[in-house]
Amino acid sequence: MPCLPIRMLATLCLTWSCALAFSAESHSKSGFVFLNGIQVVDFKTHERTASTESRAKQIAQSLRSASSDDTVDVVSVGKNAVIRVGTILAIPVTPAEAASHKTNLDHLANLWANSIRDALNLPTLKFPEDSFRLPIGTQRSVSLVGSLALNAQIRSSSESIVKIKRTESGLELNCLGVGDAQIVAESGNAIRKLDISVRDYAAQLPQTLNVEVDGEPANGSLVSQAVEGAIRTKLAKIPGAKARFGTVSADALGPGRTREYSVWTRVSASGSYDSAGNVKVVVHNIHRDRKPDDLLWYSNSPESVTQMGSLFAQFMKQGESVRFLYHHINASSQPFIFRVEVINDTDEAAKILVRCADSKPDRNPVKAGAEVANQFFKYNATRSGEVVEIPPRSTLPISFRRMLPKDTASGLCGLELLDGPSQLQVRADALPPFELNEEWHNATYTSFPWHEAGTHPLNDYDRTSYELSDDIYPIPYQEERLTYDVGGRFGIVMIGQKPISGKNHTNNLDGNYGVLYTIKAVLRNPTSVPANIDVMFQSTSGYTAGVFLIDGVYVQTPFLGPKASCPISHYHLAPGESRVVEIQTIPVSGGAYPATLTIRPNIGK
């Protein structure tokens, strides 16, 4: 930098008072100097005859004479540096000042000079941006700079959206409502506008949600599904917002117990601000006394569906526990939507208990039915279910599947109306295919569609014509007892041979599909030698599969052709030993029944 005689410093205080043609806005506070709204200097060291505050005040007075036409440079004056504005030596910078800023002399002098240069080149009024997009409920400080900024008049075009307050550095914006507003700064002939868009957060987090389940205990997979479903469908968020979170892992929850799950969740929606935080889901096991299902509803007429329309309709009443079986094949040439829903067409909210076994569509009807039986035994063993609330004039999907031609949809659900109106309608329909949004699309891939789609207001489809179905069967249980003695006749039980009667005794349920069989077999070895015993399953009537719960152990057979058989359990009895075996099974929808269960010696062993 060029050198000037040290004697020029003695004239510095005199030159500060010299005026130029253009006046900048400059003021000081403590040891800080502000030029056109920008902090350009901050003194940290005192001189022998001047404090930081008085030095800043003198510099501020000097800079009021500065102009945007002035050059700003740094010159050396002995051991010091001086920032020169135009032809005036304006600001001395000493080594002590540089040391107090923890930098060197040249760096500090050039830093201040650049700030002054930038401030002088500002327009008369300037916001940092032309527009801001801000979340509702927040405050934001915004600078207003320029030579006219200090005395400018500020107003908001809508104080219900953005309210403003002047501050030393500019403005404080208080975002009160969703919408668009404009902040206007005006001084003389100068005017500057700032566009403000205030938008919602996708959700306000954290939140606490409550879920009710049932079971002895409620199994862990059901609890996990209930927690995840609550976050997707119960979380308070703006329309169209999506919640994203990791997989929830849960253990079984005992009767009467409560457990909390904290799930880190991100919620986003187009045109809003993402939210991220914890969602606490409190799960209560309401512990209802176990009781057998009162009724079996059977939706299988027609089994092969060739046209759209109602397939089943009936009313679920308080005090009745319903087991609802549905099994339908798309026999048309076009895809359709198979839907089972509970309809609350009243002004009162309803609570229902759902124990849902629902398979994804499959071209093998027996495979679809076997998957349902598999799910049924998993929840039925502990009577695990979820309590779901249906708002007034709303519907709840309990099965929602997109079916291609030749696909089979199958399900076996436990339903119970716990609270609210005296009855609710339950319908199964084949609907024409329609465009699905993301929630409904995801619902087609799960056995718990309400966890994806939630409840929805009634629409015209829900009010289409229907006839109440007659396929209602009381007491959907069968108990069989038999005794097998080693060396005696085989023990034989025919499953699905004796159909149960309908409620009005006008129809019988051939095959007893959906009927739960409990077989108690006494095995005895009266001989003096050990014996090995097999329990065999035979597909007596045709292609089928068997699903069993044997002394609490789940067993599924392979798919069997006509008259084929396979062992499902094996026992070893010592001489004189006896034991009682409990076997539960349910005829597999789509399979050929009756089928045969045989207890016999283990041949060849």
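**Figure 1. Surroundings of Leu523 in the predicted model.** Leu523 touches Tyr484, Ile533, Tyr571, Leu573, Glu577, Ser578, Arg579, Val581 and Ile599, leaving aside residues up to four places away in sequence. Among these partners are the tyrosines Tyr484 and Tyr571. Glu577, Ser578 and Arg579 also touch Leu523.

**Figure 2. The largest nonpolar core.** This core has 50 residues. Leu523, Phe548 and Leu597 have the most contacts inside it. Helix H6, residues 365–380, supplies the largest share of this core, with 7 residues. In soluble globular proteins, nonpolar side chains tend to be buried together.

**Figure 3. Another core, apart from the largest one.** This core has 33 residues. Among them are Leu311, Met316, Val388 and Trp450.

**Figure 4. Helices, strands and overall spread of the chain.** The chain contains 8 helices and 40 strands. Its radius of gyration is 41 Å, well over the 25 Å that the globule rule gives for 605 residues, so the chain is more spread out than a compact globule. The C-alpha trace spans about 130 × 60 × 45 Å along its principal axes. Among contacts between residues at least 6 apart in sequence, 75% join residues at least 24 apart.

**Figure 5. Surface and charges of the chain.** About 27,800 Å² of the chain is exposed. Carbon and sulfur atoms supply 49% of that area. Of the 605 residues, 51% count as buried. The chain carries 59 positive and 61 negative charges. The mean positions of these two sets are 5 Å apart.

Methods:
Residues numbered from 1 in each chain as written. Predicted model: local features only at pLDDT ≥ 70, side-chain atom pairs only at ≥ 80, totals over all residues. Heavy atoms only, no water. Helix = DSSP H or I, 4+ residues; strand = E, 2+ residues; numbered from the N terminus. Rg over C-alpha atoms; globule rule 2.2 N^0.38 Å. Buried < 20%, exposed > 50% of the residue type's maximum accessible area, 1.4 Å probe, protein only. Contact = heavy atoms within 4.5 Å. Areas by Shrake-Rupley, 256 points an atom, 1.4 Å probe, with all protein chains shown as cover. Lys, Arg positive; Asp, Glu negative; His and termini not counted. Charge placed at Lys NZ, Arg CZ, Asp CG, Glu CD. Core = buried A, V, L, I, M, F, W, Y, C linked by side-chain atoms within 4.5 Å.
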